[in-house]
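Biologist: I would like to learn how to read a structure of this kind with some care, feature by feature. Could we go through it together?

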Amino acid sequence: MAVKKDKPSTKLVLKVVTGTDAKGKALTAQRTLASVNPAISDDDLLAIGSKLGALQSHAIAAVSRVDSASLVEEA
């Protein structure tokens with residue numbers, strides 16, 4: 001019984017530093033861009049994330065890639 005990925009999807013997630021709390025710990029928020037082509041390379045996605053991060057008013061703490069897909073049995 002073979003398994004395949006069905007409807008793969010990729011998201012680009014930018015974690016931004018929005019400020020600090022009373023103890024000086026960084027407060028963060030996420031900016032998510034959905035519907036990214038799953039075939040994009042990690043290098044290209046990081047370059048895009050970095051360039052989009054430069055447009056943010058907050059500093060970028062991390063650039064992440066989130067891949068997901070449903071697993072189905074092949075007939």
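Biologist: Let me begin with L33: how is its exposure to be read, and what is its relative accessible area?

Modeller: Keep in mind throughout that this is a predicted model. The general idea is that a residue is called buried under 20% relative accessible area and exposed over 50%, with partly exposed in between. L33 has a relative accessible area of 34%, and therefore it counts as partly exposed. L33 is found in strand β2, which covers residues 26-36. Leaving aside neighbours within four places in sequence, L33 is in contact with T10, K11, L12 and L52. The C-alpha atoms of L33 and L14 are separated by 8.4 Å, although these two residues are 19 residues apart along the chain.

Biologist: T10 is in that list of contacts, so let me ask about it in turn: is T10 buried or exposed?

Modeller: Apply the cut-off again, under 20% for buried. T10 has a relative accessible area of 1%, so it is buried. T10 lies in strand β1, residues 3-20, and, with neighbours within four places in sequence left aside, T10 is in contact with residues including L33, V36, P38, L45, R65 and V66. The side chain of T10 also makes a polar contact with the side chain of D67, at 2.6 Å.

Biologist: Which order do the strands take in the sheet, and how are they turned against each other?

Modeller: To read a sheet, one follows which strand pairs with which. Here an open sheet of 3 strands has the order β2-β1-β3, and the pairing is antiparallel. The edge strands are β2 and β3, the latter covering 59-73, and each of them pairs on one side only. Neighbouring strands of this sheet are turned by 25 degrees against each other on average, with direction ignored.

Biologist: How many bridges join β1 to β3, and how many join β1 to β2?

Modeller: There are 13 bridges joining β1 to β3, and these strands run antiparallel. On that side, K11 stands opposite V66 in β3, while L12 stands opposite R65 in β3. β1 is joined to β2 by 9 bridges, again in an antiparallel arrangement, and there V13 stands opposite T32 in β2.

Biologist: Where does helix α1 lie with respect to these strands?

Modeller: For a helix packed on a sheet, one asks which strands it crosses and at what angle. Helix α1, residues 42-54, lies across β1, β2 and β3, and runs at about 30 degrees to β1.

Biologist: Which residues form salt bridges, beginning with the partner of D42?

Modeller: A search of the whole structure finds 2 salt bridges. D42 forms a salt bridge with R65, in which the closest N and O atoms are 2.9 Å apart. This pair links distant parts of the chain, since D42 is in helix α1 and R65 is in strand β3, 23 residues apart. R65 also forms a salt bridge with D67, with the closest N and O atoms 3.0 Å apart. Salt bridges that share partners join D42, R65 and D67 into one network.

Biologist: How do the accessibilities of these charged residues read, for instance that of D42?

Modeller: D42 has a relative accessible area of 53% and is therefore exposed. R65, at 25%, is partly exposed, and D67, at 49%, is partly exposed as well. D67 is also the residue whose side chain makes the polar contact with the side chain of T10.

Biologist: My last topic is the backbone: what value does phi take in K7, and why would one look at its sign?

Modeller: The sign deserves a look because most residues other than glycine have a negative phi. In K7, phi is near 55 degrees, a positive value in a residue other than glycine. K7 is found in strand β1, and at 67% relative accessibility it counts as exposed. S35, which is not a glycine either, has a positive phi of about 65 degrees. S35 lies in strand β2 and, at 73% relative accessibility, counts as exposed.

Biologist: And which residue takes a positive phi in the hairpin of β1 and β2?

Modeller: That residue is G24, with a phi near 90 degrees, in a hairpin that has 5 residues between the strands.

How values were computed
Residues numbered from 1 in each chain as written. Predicted model: local features only at pLDDT ≥ 70, side-chain atom pairs only at ≥ 80, totals over all residues. Heavy atoms only, no water. Helix = DSSP H or I, 4+ residues; strand = E, 2+ residues; numbered from the N terminus. Buried < 20%, exposed > 50% of the residue type's maximum accessible area, 1.4 Å probe, protein only. Polar contact = N/O pair within 3.5 Å; in protein donor to acceptor, adjacent residues only side chain to side chain. Contact = heavy atoms within 4.5 Å. Pairing = 2+ DSSP bridges. Axes fitted to C-alpha atoms, helices over the stretch in contact; angles between N-to-C directions. Salt bridge = Lys/Arg side-chain N within 4 Å of Asp/Glu carboxyl O.
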